[in-house]
Amino acid sequence: MKILFVDDERFIISAIERNLRDSHWQIDSALSGPEALIKIEQGGYDVIVTDMAMPAMKGDRLLQEVRQIDPGITRIILSGHADQSLSLDDANLAHRWLDKPCDPVYLVEVLTEIENERRLA
């Protein structure tokens, strides 16, 4: 499973990469929405995990674009800043919502569950 993590804070990306380095997943990252879109357009991602509060492009806009480019990508919000009512306004925007900070063990559990769901689809 190929996963793209998007966050404008490099230390968050570094922590995620460090916590998942022993996983069997292919982990990639982007520091902005526009950078993430370039990577998504190149294809091959199964999951995108994004922060919501980013300066160049907010996470909700990024996920809307990703949904148009490749609706098969599982979209996850990982944020401590965003209003969760957004997920109620647009149920198709994200498949999951995780609060930041997210326990690394729980993140692995969620990603494993998504991987299993994708295998069955």
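**View 1. The buried side of helix α5.** In α5, the buried residues (under 20% relative accessible area with a 1.4 Å probe, protein chains only) are L107, V110, L111, I114 and E115. Look down the α5 axis and these buried residues sit within an arc of 140°, so they line one face of the helix; the arc is that of the directions from the helix axis to the C-beta atoms. An α-helix has 3.6 residues a turn, so residues three or four places apart point the same way. This is a predicted model, with local features needing pLDDT of at least 70, side-chain atom pairs counting only at pLDDT 80 or more, and totals for chains, interfaces and linings using all residues. Numbering runs from 1 along each chain as its sequence is written, and side-chain values use heavy atoms, leaving out hydrogens and water.

**View 2. What α5 packs against.** Its buried residues pack against β1 (2–6), α1 (10–20), β3 (47–50), β4 (74–79) and β5 (96–99). Helices (H or I, at least four residues) and strands (E, at least two) are DSSP runs, numbered from the N terminus.

**View 3. The other side of α5, and its length.** Turned away from the buried side is a face with V105, R119 and L120, which are exposed (over 50% relative accessible area). Helix α5 covers residues 104–120, and its 17 residues reach 25 Å from first C-alpha to last, close to the expected 24 Å (1.5 Å times one less than the number of residues).

**View 4. α5 in its chain.** The protein chain has five helices and five strands, in the order β-α-β-α-β-α-β-α-β-α along the sequence. Of its 121 residues, 41% are buried.

How values were computed. Contact means heavy atoms within 4.5 Å.
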